[in-house]
Amino acid sequence: PREPALPLPQLSRKVHSKFTCLCFGGSVKAGKMPEREKTMQCKQEAEQQQKEDEKEGLIEFYGSYQELFQFFCSNTTIHGAIRLVCSKKNKMKTAFWSVLFFLTFGLMYWQFGILYREYFSYPVNLNLNLNSDRLTFPAVTLCTLNPYRYSAIRKKLDELDQITHQTLLDLYDYNMSLARSDGSAQFSRRRTSRSLLHHVQRHPLRRQKRDNLVSLPENSPSVDKNDWKIGFVLCSENNEDCFHQTYSSGVDAVREWYSFHYINILAQVPDAKDLDESDFENFIYACRFNEATCDKANYTHFHHPLYGNCYTFNDNSSSLWTSSLPGINNGLSLVVRTEQNDFIPLLSTVTGARVMVHDQNEPAFMDDGGFNVRPGIETSISMRKEMTERLGGSYSDCTEDGSDVPVQNLYSSRYTEQVCIRSCFQLNMVERCSCAYYFYPLPDGAEYCDYTKHIAWGYCYYKLLAEFKADVLGCFHKCRKPCKMTEYQLSAGYSRWPSAVSEDWVFYMLSQQNKYNITSKRNGVAKVNIFFEEWNYKTNGESPAFTVVTLLSQLGNQWSLWFGSSVLSVMELAELILDLIVITFILAFRRFRSKRWHSSARPPPNSHDNTAFQDEASGLGAPHRFTVEAVVTTLPSYNSLEPCGPSKDGETGHE
């Protein structure tokens, strides 16, 4: 088959001087228009037609990559690009400027990568501000360090003391004299000691030599501290697996073992109010703040299993204390009793009081931030307030109020990191051991661990505690620091109180007002002063070190350093990339269409164009007839048809 007839190309409208331009004028007669005027008119029409041809279209694209790059390098405002065009006749210079141009581009974008990496690391600046203002006095918690023998559990504690006495006698050959009660109490102990003894025997205190756990035989020799360790064994409910809790110190082992059974006794009390036996006047002899006497409205009371009765001053958010002036006379002054009546010697081995300074609406974790007050000593504690404000979001892993932390807050206080960690452990305790640890708040629907109901809770607790300390539970990872927190930097000074020359009248006044009648005078009282050292307090804040404005400024500096150009130069580069994409798409489309046309124009497999293989009979046949219809169009009648200029021979030509 023959190739299809291609459409005729459009004639160029450009007028060339070598062709004769014919001017058609309907009102101008031949011979009447001067030859010069006709030539001028023809030139004007040709120039106008050329201007129309040279007008730029709405959307135009380049015909090749070379044309695009040549136009870009000749017209861009980026320094160095023009050298690629000007030196195209010198291949060495062209290669040199090409390598230099692209090397500069690479170095610039390498610097861009460094800037972006620094920006997305979200660095911060630490701002230190020193403020001076009247300060709100913090909350102060004071504990007796005297675990009390509450009446609700007194009998069981006496039984536990008796069992512990026998254990110490067997292990260390130490005969500890226990206070005896009346006959009815002894009868009660004999009647109820069997149940307690059964649970104590399930978790006995044992000696361990090297890696072998040995039960204590009768009439055993005294323990050699170099060869033996003391501990107790906690087994699962079916006794298939056991956990060995051992200590190198016998004192620590006895205290931990006694505390374990003591917690079980406390958990058996159905109502915690039965342990609320506060005796404020018998513990705090004197209380003054800002030279004014304190009263019961200024404190709240709670019970701690190990530290006894605790009292928190200035915890009422409705009427908080404020310090008018710094100094020891403008703070809190307390005279406390440190005598240990109803003391449990196997649970607490220290005497005195424990004090902690913390912010309002925060629980007092006496194990973390508290310290002890010595008897017969005046302890003066000076404070410095320090506030920390962190940036949240991408700048630091902090939380505003703990609502975005995946741990339920079991405390009736605001979020702190320690609150979250203890809540996390308690929730895991309830999930794994089916009961709650007595030292922490009780979740909804749970009950405290008690080996009369949960036989193997001790085994589960110590296994879980080991995982907690190793962060297997993920509590330290889940619990984030608060974005805003207040801390108090403390420093303490000590002096003897009362002095040797004044102790007689001081103790006499205390005996008259507070029924102070103890035998050991100096070891029975202590004084505590808590005050602000100065009005100034420090605020540590954070601010972004690399903002969007800084990033744009640094990018502009790098662009100007390597190419000396501006934002419009960046737009020129973006335009070049867009043109490259469009030209690539157009060329690919043309190539695809060309391949498609060639595949459709290819002859069939059994056809050929050689006439020698054609049938001779076909040549003998009648010739093909073509019918041509002529369409005649009547031309308009012109008065003149004359050439605009002279012909090649200088004469006027006629068609």
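# Working through a predicted model

Over residues 95-116 the chain is 100% helix and 0% strand, with the end C-alpha atoms 31 Å apart. Keep in mind that this is a predicted model. Here are some exercises to try on it.

**Exercise 1.** Find where UniProt places the feature "transmembrane region", and describe the chain there.

*Solution.* Start with the record: the unreviewed UniProt entry puts the feature at residues 95-116 and 559-589. Next, look at the model. Residues 95-116 are 100% helix, as given above. Residues 559-589 come out as 90% helix and 0% strand, and the end C-alpha atoms of that span lie 36 Å apart.

**Exercise 2.** Check whether the span of helix H11 agrees or disagrees with 1.5 Å a residue, then list its buried residues.

*Solution.* First, count: H11 covers residues 457-469, which makes 13 residues. The expected span is 1.5 Å times one less than the number of residues, so H11 should span 18 Å. The end C-alpha atoms of H11 are 18 Å apart, so the two agree.

Now for burial, taking under 20% relative accessible area as the cut-off. The buried residues of H11 are Trp 457, Gly 458, Tyr 459, Cys 460, Tyr 461, Tyr 462, Leu 464, Leu 465 and Phe 468. Don't stop at the helix end, though: just after H11, Asp 471 has a positive phi of about 60 degrees.

**Exercise 3.** Work out which elements line the second largest pocket, and which of them gives the most.

*Solution.* Begin with the volume, about 780 Å³. The pocket has 29 lining residues, and those closest to its centre are Glu 362, Thr 416, Met 485, Thr 486 and Glu 487. Then go by element. Those giving two or more residues to the lining are strands S15 (353-358), S17 (377-389), S19 (481-482) and S20 (484-496), plus helices H9 (366-369) and H10 (417-433). S20 gives the most, with six residues. Finally, sort the lining by class: 12 charged, 11 nonpolar and six polar residues.

**Exercise 4.** Say how many cavities of 30 Å³ or more a search of the whole structure finds, and what lines the largest.

*Solution.* The search turns up one. The largest cavity has a volume of about 40 Å³. Around it sit Ala 297, Asn 298, Asn 314, Asp 315, Asn 316, Ser 319 and Trp 321. By class, that lining has four polar residues, two nonpolar and one charged.

**Exercise 5.** Sum up the protein chain by its helices, strands and buried share.

*Solution.* Count the elements: 16 helices and 23 strands. Then take burial: 37% of the 655 residues count as buried.

Notes
Residues are numbered from 1 along each chain as its sequence is written. This is a predicted model: local features need pLDDT of at least 70, side-chain atom pairs count only at pLDDT 80 or more; totals for chains, interfaces and linings use all residues. Side-chain values use heavy atoms; hydrogens and water are left out. UniProt positions are given in the numbering used here, feature names are shortened, and annotations may be inferred rather than shown by experiment. Helices (H or I, at least four residues) and strands (E, at least two) are DSSP runs, numbered from the N terminus. On a 1 Å grid over the protein atoms alone, a cavity is a set of points where a 1.4 Å probe fits but cannot get out, and a pocket is an open set with protein on both sides within 12 Å along at least five of seven lines; lining residues have an atom within 4 Å of a point. Grid points are joined across faces, edges and corners, and a volume is the space filled by probe spheres set on the points. Ala, Val, Leu, Ile, Met, Phe, Trp, Tyr, Cys and Pro count as nonpolar, Asp, Glu, Lys and Arg as charged, and the others, Gly among them, as polar. Buried means under 20% relative accessible area, exposed over 50%, partly exposed in between (1.4 Å probe, protein chains only).
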